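Work through the exercises below with the coordinates loaded. Each task is followed by a solution in steps.

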Amino acid sequence: MITLAIAGKPNCGKSTFFRAATLAKVEIANYPFTTIDANHGVAYVRTACPCQEMHVPCENCQDGVRFVPIGLIDVAGLVPEAHMGRGLGNQFLDNLRQADAILQIVDASGATDAEGNPVDIGSRDPVKDIEFLQYEMSMWMYGILSRNWAKIVRQAQAKDFSLVGAIADLFAGLGVTFEHVRDADEATGVDLRTAGEEDLIRFCRELMTISKPMLIIGNKADQAPKECFDRLREHDVIFASAAGELALRMAAEGKFITYLPGDRGFSENPGAALSAAQRAGLAKVADFIRTFGGTGVQQALDAAVFNLLDRIVVFPVEDEHKLTDGKGRVLPDAFLMKRGSTPRDLAYQVHTDIGEGFLYAIDAKTGMRVKDTLELKNGDIIKIVSVRK
């Protein structure tokens with residue numbers, strides 16, 4: 001399962017975002033370090049279910065909208081000098097090991113200082129929060145590399161020693177691959193064998209960017225003054241109101257409104273016993289959705305998986321005519337695959353034995369047998385034919 005980590009300084013709305021995305025019960029409060037231990041939950045990315053296109057009944061979507069599960073981690077807030085162990089820094093950074101990408105939550109309202117303490121709205125430049133998190137993570141990686149650098153350099157004197165391979169091994173526990181290290185080396189143009197401190201820090205920053213891609217979310221955008229908006233618009237930011245999304249999710253769960261995460265609006269259900277205050281609150285959320293095309297929460301999850309990580313959704317079936325599995329369930333599974341994946345890759349993701357016994361695949365939409373080198377597309381329905389070994 002793909003896993004995203006929610007990161008940022010304390011009190012920027014990480015736990016609210018986490019709860020809005022997962023409906024998990026977590027503590028939310030207006031003070032730093034509400035989250036001490038990482039919260040783990042399941043969120044969902046949104047895609048079109050092919051059941052309507054194929055005119056088959058499906059019990060795994062909602063009006064043609066399919067939600068595919070991903071892992072979500074809400075970790076403790078990060079403060080300046082966290083890489084040196086300040087605050088909960090070491091614990092925070094360690095929790096990022098299992099993340100495929102990072103959702104950086106920034107307080108777009110500028111109402112919290114560098115350590116998450118409340119200040120007047122607009123008095124903090126939110127762009128500074130973007131820069132500091134990237135710096136802390138880079139320096140964390142540099143700290144790991146520098147502690148082992150003398151040993152690696154000594155080993156590099158040996159014939160046929162791979163410096164790139166050694167660095168990849170060092171960071172393997174962070175999900176860093178040989179390709180990540182190679183690409184970072186090429187991007188920076190650093191000669192690692194003779195690199196000094198500044199070169200290694202620059203290399204680690206690039207390695208962090210490649211191995212832990214980051215999406216910036218301007219949370220509390222419903223409270224943000226114009227100057228904060230203008231500063232953040234200079235960056236690639238998704239504006240969000242996690243509190244607004246949570247209000248909609250709770251209202252939908254209570255049957256007061258009809259709403260699916262990612263919808264561009266909602267409707268009040270007949271007979272809903274909403275108070276005047278509740279209606280006023282929902283009206284403010286509706287205004288935000290009209291301005292930004294959504295609350296930003298689902299948009300951020302989808303952008304992280306489909307754009308940042310470049311994934312597509314593929315539906316494996318056993319019966320290409322009825323689009324069912326062996327138990328007769330219609331389109332029961334949806335797999336998130338790397339763009340460029342082939343039917344053989346899908347076979348291995350379904351089960352190693354099926355991958356090893358792969359013979360060929362059938363595109364259920366066309367009924368045609370396809371080559372095992374075919375590049376799968378988003379929304380494909382594929383039958384795998386294999387011999388179990």
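A salt bridge is a side-chain nitrogen of Lys or Arg within 4 Å of a carboxyl oxygen of Asp or Glu. The model is predicted, and it holds 17 salt bridges.

**Exercise 1.** Find which residue pairs with arginine 231 in a salt bridge, and where the two partners lie.

Solution.
- Step 1: The side chain of arginine 231 meets that of aspartate 125, at 2.7 Å from N to O.
- Step 2: Arginine 231 is in helix α8 (residues 226-232), and aspartate 125 is in the loop between β4 (101-107) and α4. The two are 106 residues apart, so the pair links distant parts of the chain.
- Step 3: Partly exposed covers relative accessible areas between 20% and 50%. Arginine 231, with 32%, is partly exposed, and aspartate 125, at 21%, also counts as partly exposed.

**Exercise 2.** Locate the salt bridge between arginine 290 and aspartate 287, and classify both residues by accessibility.

Solution.
- Step 1: The closest N and O atoms of the pair are 2.2 Å apart.
- Step 2: Both residues lie in helix α10, three residues apart, about one turn of the helix.
- Step 3: An α-helix has 3.6 residues a turn, so residues three or four places apart point the same way.
- Step 4: Arginine 290 has a relative accessible area of 60% and is exposed; aspartate 287 has 41% and is partly exposed.

**Exercise 3.** Check the length of helix α9 (residues 242-253) against its expected span, and find what its buried residues pack against.

Solution.
- Step 1: With 1.5 Å a residue, the 12 residues of α9 should span 16 Å.
- Step 2: The end C-alpha atoms of α9 are 16 Å apart, which agrees.
- Step 3: The buried residues of α9 include Leu246, Leu248 and Arg249.
- Step 4: The buried residues of α9 pack against α1 (14-22), β5 (214-219), β7 (257-258), α10 (276-292) and α11 (297-308).
- Step 5: Just after α9, lysine 255 takes a positive phi of about 70°.

**Exercise 4.** Determine how strand β3 (residues 65-74) pairs with β1 and β2, and whether β3 is enclosed or open.

Solution.
- Step 1: Strand β1 (residues 3-7) pairs with β3 in the parallel sense over four bridges. Isoleucine 6 has aspartate 74 of β3 as its bridge partner.
- Step 2: Strand β2 (residues 39-48) pairs with β3 in the antiparallel sense over 10 bridges. Here alanine 48 is bridged to valine 65 of β3.
- Step 3: Nine of the 10 residues of β3 are buried, so the strand is largely enclosed by the rest of the structure.

Note on methods
Residues are numbered from 1 along each chain as its sequence is written. This is a predicted model: local features need pLDDT of at least 70, side-chain atom pairs count only at pLDDT 80 or more; totals for chains, interfaces and linings use all residues. Side-chain values use heavy atoms; hydrogens and water are left out. The expected span of a helix is 1.5 Å times one less than its number of residues. Buried means under 20% relative accessible area, exposed over 50%, partly exposed in between (1.4 Å probe, protein chains only). Contact means heavy atoms within 4.5 Å. Two strands pair if DSSP finds at least two bridges between them.
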